[in-house]
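Hi there,

Here is the structure I promised to send over. Have a look at it first, and then read on for what I found.

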Amino acid sequence: MSALPEELWRRILEIGVQRRGFSYKDLCCLSISSRRLNRLSDEDFLWSHLLSSDFPPFFSPSSSSITSAHSSTCKSLYKLRYERDRDKKIAAHRRAVLRKESQVLERSMRLRDMETRLAEETNKMRATLAELSNLSNVRQASVALNVWQPEIIRGRQKQIVEQCVVPIESRFHVLQMELKLCKQQILGLEKAHIDEKRRLALVEEELQSMRYHPLRDQKPINGGEVEFNIKRKKLKKCKGREP
């Protein structure tokens with residue numbers, strides 16, 4: 001590397017940047033490899049090309065004159081624009097996470113509302129079944145009374161039944177219709193509950209993937225950094241004991 005002239009290194013870096021082979025990360029990595037590459041990778045024409053290619057709306061001939069007027073290097077301008085663009089992306093990501101969290105909350109509320117309605121319809125169906133069972137027992141008792149009781153008692157029972165606001169047979173048919181309607185409502189709510197639960201699971205999975213960070217979410221194993229520092233100290237002690 002030291003045998004190559006600076007003109008050749010400069011040409012290599014220029015070709016790499018112009019052909020999009022080198023990015024800002026590559027230039028930063030080269031800048032810490034040696035003093036020569038540190039000096040060559042900081043030249044303005046490299047960062048000027050990266051600035052114009054990575055941020056086209058920002059860089060223009062007028063902005064170039066502004067750059068020379070303020071005595072700012074293209075690298076510092078690239079860093080400034082990169083930080084602004086990064087902050088915008090972070091803010092946009094936070095807004096997307098908030099929107100996804102609101103969707104999770106909304107679907108959770110819908111799910112709880114469906115569960116409440118499902119419980120109400122189930123209780124209504126149970127009450128209807130209990131009333132139907134009672135009316136069925138009354139019908140069976142009425143048939144038995146008509147068969148076994150005397151004529152006077154049957155006449156008295158007929159008067160009592162006629163005094164009722166709703167006849168037993170009509171009430172029995174109404175309850176059967178209510179029971180059928182409750183079953184239909186429960187089937188529809190159960191299907192909607194399953195679909196909404198599936199949608200909620202998908203939204204929660206999307207939210208989890210949006211929140212995931214490979215470094216931040218990585219949990220240290222057996223002490224993590226503490227264990228690494230202990231091993232590093234032991235290694236230094238072993239090197240210090242070597243003759």
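The buried residues of helix H1 are Trp9, Leu13, Gly16 and Val17. Looking down the axis of H1, you will see these buried residues fall within an arc of 95°, so they line one face of the helix. Before you go further, please bear in mind that this is a predicted model.

What lies over that face? The cover on the buried residues of H1 includes helix H2 (24–31), helix H3 (35–40) and helix H4 (44–54). As for H1 itself, its 13 residues reach 18 Å from the first C-alpha to the last, close to the 18 Å expected at 1.5 Å a residue. Just after H1 comes arginine 20, which takes a positive phi of about 60°.

There is also something to look at on the surface in this part of the chain. Leu4, Leu8 and Ile12 form a nonpolar patch there, and together they have about 210 Å² of accessible area. Leucine 4 sits in the segment before H1, the helix that runs over 6–18. Is leucine 4 buried or exposed? Neither quite fits: its relative accessible area is 33%, so it falls between the 20% limit for buried and the 50% limit for exposed and counts as partly exposed.

Further along the sequence, I looked at phenylalanine 172, which belongs to helix H8 (residues 168–211). Its relative accessibility is 12%, and because buried means under 20%, phenylalanine 172 counts as buried. How far is phenylalanine 172 from leucine 135 in sequence and in space? The two are 37 residues apart along the chain, while their C-alpha atoms are 6.7 Å apart.

Now for the chain as a whole. It has 9 helices and 0 strands, and read along the sequence it follows the pattern α-α-α-α-α-α-α-α-α. Of the 243 residues in the chain, 19% are buried. Among contacts with a separation of 6 or more, 74% are between residues 24 or more positions apart. The accessible surface of the chain comes to about 18,500 Å², and carbon and sulfur atoms account for 58% of that.

If you open the model yourself, you could start with H1, with Trp9, Leu13, Gly16 and Val17 as its buried residues, and then turn to the surface patch of Leu4, Leu8 and Ile12.

Best wishes

Methods
Residues numbered from 1 in each chain as written. Predicted model: local features only at pLDDT ≥ 70, side-chain atom pairs only at ≥ 80, totals over all residues. Heavy atoms only, no water. Patch = residues over 30% accessible without salt bridge, like charges linked within 9 Å, V, L, I, M, F, W, Y side chains within 5 Å. Areas by Shrake-Rupley, 256 points an atom, 1.4 Å probe, with all protein chains shown as cover. Salt bridge = Lys/Arg side-chain N within 4 Å of Asp/Glu carboxyl O. Helix = DSSP H or I, 4+ residues; strand = E, 2+ residues; numbered from the N terminus. Buried < 20%, exposed > 50% of the residue type's maximum accessible area, 1.4 Å probe, protein only. Expected span 1.5 Å × (residues − 1). Arc of directions from axis to C-beta. Contact = heavy atoms within 4.5 Å.
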